[in-house]
Amino acid sequence: MTTTPRLVDREAPLSQAAALLQGASQGSGGVLVFTGGPGSGRTSLLGAVAGLAARQGVAVLRARCAADETHRAYAAARQLFWTTPDGGSSRHPWESDPADVESELWRQLSGHAAEGPLLLVVDDVQSADDASRRWLLQLARRADRLPLLLMVSEYRPYGSVAPAGRFGWTLSPALGRTVRLAPLTPAAVEQLLGEQLAPLSPPRALVDVCLQATGGVPALLAALVTDLAGAGADAIEPTADWTTLPAEAYVESVDHWLHGMGEEFVGAARVLAELDGAPAGPTGADPVGLLGTLCGLQPEHAAGWLRELAGLGVLRPSAPQTWPGFAHPLLRRAVRAVRSPLGAAEVHRAAADALHRRGAPDDAVAGHLVAAGGQAGPGWAAETLLSAARTAQRERRPEQAVAFLRRALAEPLPAGRRGAALTELGGLELMLGPAERAAGVRHLAESVRLHQCDTGVFKAANALGAALAARGQTRTALEVMDELADRFVDRPELAAAVQGAAALIASHDGRSWLEVVDGLRRLVARSTGRRPAPVVRALFAEFDSTSGRLSAAEAAAVAREVAAEPVDRFSRTYVLASAATLAQWADELALADRLVDEGTTGHDGPLVDPGYQSLLSVHAESLVMRARYRELLEGVGPSGRPLPIGPGNVHLVAMAVIALTEQGRLDEARRLARSVDAPETAGTPGPDDSHDSWEWSELFYARGLLRLAAGDPQSALDDLLTCGRRQSERQVVSPIVTPWRSAAADCHLMLGRAGAGADLAAEELEAARRWGTPRTVGRALRAFGAATGGRAGLEATGEAVDLLRTADITPELVPALITHGRMLTEAGRRSAARQVLREAAGYAETIGAARLRGIATGLLADAGARLGSAPRTGTHALTGSERRICGLAAQGHTNPEIAGMLHVAVRTVETHLTNSFRKLGVRRRSELFGRLAPEPDAAPPPSALPARAGRSAP
């Protein structure tokens, strides 16, 4: 039990009671009714007034009503004069006759009143028996003619809406006064805390916590103060975590407070605690009505109860159509500990059923089914959960989709349906990262065993193989694919698809990849007269491209050829993935986009399907190649699907690290790189063999670029050389995948080893010329020129600029311009350098490459440029006239039409468009629409970092 502190914030009702006592002493009494909810301090206030009366010599007669005595007539009234239920003795013959009892009550009252003024105190009058209530009302109507004060307390339930039934509601205001006890004010709470916790000084934040957790209800506050005092000085510190306070007295007081409201309100409070903030249903569904359905409350009572709690401040405002919640976690925790027949599972099952009947969205219903636990639900539960999982996937909520699918598996499902759910679940678990990978593999393996149809087995086994490969168990994964091939020996279309899937799975392990390619070549050699399947030809082209045996033109020709051939639905994803990869490497980005869209549209297999994951990788890398960094980081995938950047696809993480680096967001790039469990030391294997995958080579390359941008050339070089070693083990020599040599050359240059850098750049340039795309050649020329230096280096960087400018490859053009401008400055050609560097800064701003723009700006200052504060490029650099003209041009209007609409000369329109094209970095009218969109804020650029010894390269 808690110690009740002295009364605070009750001066007004005490003054009213004192005035009425004074009147009673003078022969003119009255009636005073104190009302309030549970814990409002009614009984304590009665006791304080009784003490005041006793000190003034007023006789005090007391009675406390109880619900278990309502069957005894006059049980409450008799307490005023006798302490035992039978009236004190069996010698009173009027005990059996109500009329006699009433007469005796009047006689007793008259006798006491004859001796002096009286105070009659009746606590909890709402529980009085009917006979006592009638007699007390008769007394109340005569009180002004008697030397007595009748003072009663009455519990007024939260949510009550009408005065009928309240004590004295029919009395004239001249006879009786009713005082509703308000919650304690913030000032009173602060005063009480200061008194009870002295000599400690409670911080203001603790006052706010007490108000939120108690609503100023005296009983709750007294209990909470007791717990605070018992917790010691640390609990009073401003930095204390009050949500974890051991609150035994407070929890007990909350239990008493809620049960004082009635069992139906106990259940309602438990519902609020369990459903805090959850959706209450579709548009038009009322949480109040649903609360009534769950707890058997009339809607008007539920609404009134919620209003009362909100008025106390113990409920926080809720969003429309969501459950209100308790304002402080302490109160929610206490309510959840209250004795109630409604447990958490029962609450959520009832909520799910009620929402289902109200037509709520499946994911709102499914959330409650999950919270209710694994017990099988009603017949509609399985379909609701599966539908909710599909919605969650579509809306990029994979964790919630996993929860829905796991719960769906607790429902009775046919084998085929269960197998499909297991495949879907396993794929999602793999996408969530290493922590869920083991569960994903188990579920996929179970799915393979369950499926009876070939299509289901094919999907599940492919996903299982990809899962095993992601765990570093590539050999085991290929064994799964071998078993699958044996099953499909009589179905050539499935057998060919298995070959494609096996090749993609094998790419996770360098040795396995080489063995699979070699095995396919031997198989093709034995199949004389038969042309290899499209998926096999595409895979051969991939291998030959990375090993330097094909040119870009030859690879693009293969991509177009295999993509144009009829392909069965099983091999379709793998053929399109390989063809899109070849097109992307060959800088045929429009073709790559089309193939990616074809492959992802309508994909109904698991998300971890190796072909589908490959298509996502192509899409992400295409965005980086176009410098569409914001689109990538926003997770915009092909066909409107989400792009899951996370541990489930390391290659997507690598692309995002590059995008963040180019935007100058180096801290975010570091955190993202660390999130995928990369080896802490370059070249050091992780906890399993999964780091042998080609994806980790991409991450080493991306991390190398990040460390180079951060001014750590030695760590960057370690990463880049590790990437190169791993690629060499896979016979990858072409710079189309990870151009690590040019980046490593920049590192050597910063470390003062220009010769080593020139050798690496020369190797890359030779391989790039064999491949033959402007992007690879221009990039290698830039690195070679920077490392070589002098006139030859300047000529090489100039050639790189011309090549990339002509090919309109802005992401590679910007660093080439920066390097060329720096070398012009070093050669004393400062005017030419400024022109080149301004072009670089403009293009960098246009594509949102804040890091490169910062370098270009710094080099401009070194070259003697006067830097203004106004932007020279981008949409913000356009004048009002330029923006208007560009907007009309973007809508398709011709120059003469624009001139007529704006009443200017055609020549003026042409001049404005020329200037605008330069500021926006576009060359054609068709590009205007995308450039006029609002641009993101540029990240703070790093310092200018030129590229000779001891300096950084772009």
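## Helix packing and unusual backbone sites

In this predicted model, His903 sits in the loop that joins α42 (895–902) to α43 (906–920). Its phi is positive, near 60 degrees, and His903 is a residue other than glycine. His903 is exposed, because its relative accessible area is 72% and the cut-off for exposed is over 50%.

Gln731 is another non-glycine residue with a positive phi, near 65 degrees. Its place is the loop between α33 (713–729) and α34. Gln731 is partly exposed, with a relative accessible area of 35%. Most residues other than glycine have a negative phi, and most peptide bonds are trans.

Pro199 concerns the peptide bond itself. The bond from Ala198 to Pro199 is cis, with omega near 10 degrees. Pro199 belongs to the loop between α6 (186–196) and α7 (204–214).

The table lists these backbone sites with two glycines that follow helices.

| Site | Location | Backbone angle |
|---|---|---|
| His903 | loop between α42 and α43 | phi near 60 degrees |
| Gln731 | loop between α33 and α34 | phi near 65 degrees |
| Gly711 | follows α32 | phi near 80 degrees |
| Gly262 | follows α9 | phi near 125 degrees |
| Ala198 to Pro199 | loop between α6 and α7 | omega near 10 degrees |

**Helices α32 and α34**

Two packed helices are described by the angle between their axes and the distance between the axes. For α32 (residues 694–709) and α34 (residues 740–750), the axes come within 11 Å and cross at roughly 30 degrees. That angle falls under the 35 degree cut-off, so α32 is roughly parallel to α34. The crossing is left-handed. From α32, the contact uses Tyr701, Leu705 and Leu708; from α34, it uses Trp740, Ala743, Asp746, Cys747 and Met750. Seven of these residues are nonpolar, none is polar and one is charged.

How far apart are the end C-alpha atoms of α32? They are 23 Å apart, which agrees with the 22 Å expected for 16 residues at 1.5 Å a residue. Of those 16 residues, 14 are buried, so α32 is largely enclosed by the rest of the structure.

Met750 lies in α34. Its relative accessibility is 8%, so Met750 counts as buried. Met750 and Gln714 are 36 residues apart in sequence, yet their C-alpha atoms are 9.0 Å apart in space.

**Helices α24 and α25**

Helix α24 (residues 534–546) packs on helix α25 (residues 552–564) at an angle of about 165 degrees, and their axes are 10 Å apart. The angle is over 145 degrees, so α24 is roughly antiparallel to α25. This crossing is left-handed. On the α24 side, the contact residues are Pro534, Arg537, Ala538, Ala541 and Ser545; on the α25 side, they are Ala555, Val558, Glu561 and Val562. By class, the contact has six nonpolar, one polar and two charged residues.

**Helix α9**

Helix α9 (residues 248–261) has 14 residues and should span 20 Å at 1.5 Å a residue. Its end C-alpha atoms are 21 Å apart, which agrees. Which residues of α9 are buried? They are Ala249, Tyr250, Ser253, Val254, Asp255, Trp257, Leu258 and Met261. Their cover includes β4 (148–155), α7, α8 (218–231), α10 (263–274), α12 (299–312) and α13 (329–336).

Terms used
Residues numbered from 1 in each chain as written. Predicted model: local features only at pLDDT ≥ 70, side-chain atom pairs only at ≥ 80, totals over all residues. Heavy atoms only, no water. Axes fitted to C-alpha atoms, helices over the stretch in contact; angles between N-to-C directions. Helix = DSSP H or I, 4+ residues; strand = E, 2+ residues; numbered from the N terminus. Parallel < 35°, antiparallel > 145°, perpendicular 65-115°, else oblique. Left-handed = near helix turned anticlockwise from the far one by under 90°. Contact = heavy atoms within 4.5 Å. Nonpolar A, V, L, I, M, F, W, Y, C, P; charged D, E, K, R; others polar. Expected span 1.5 Å × (residues − 1). Buried < 20%, exposed > 50% of the residue type's maximum accessible area, 1.4 Å probe, protein only.
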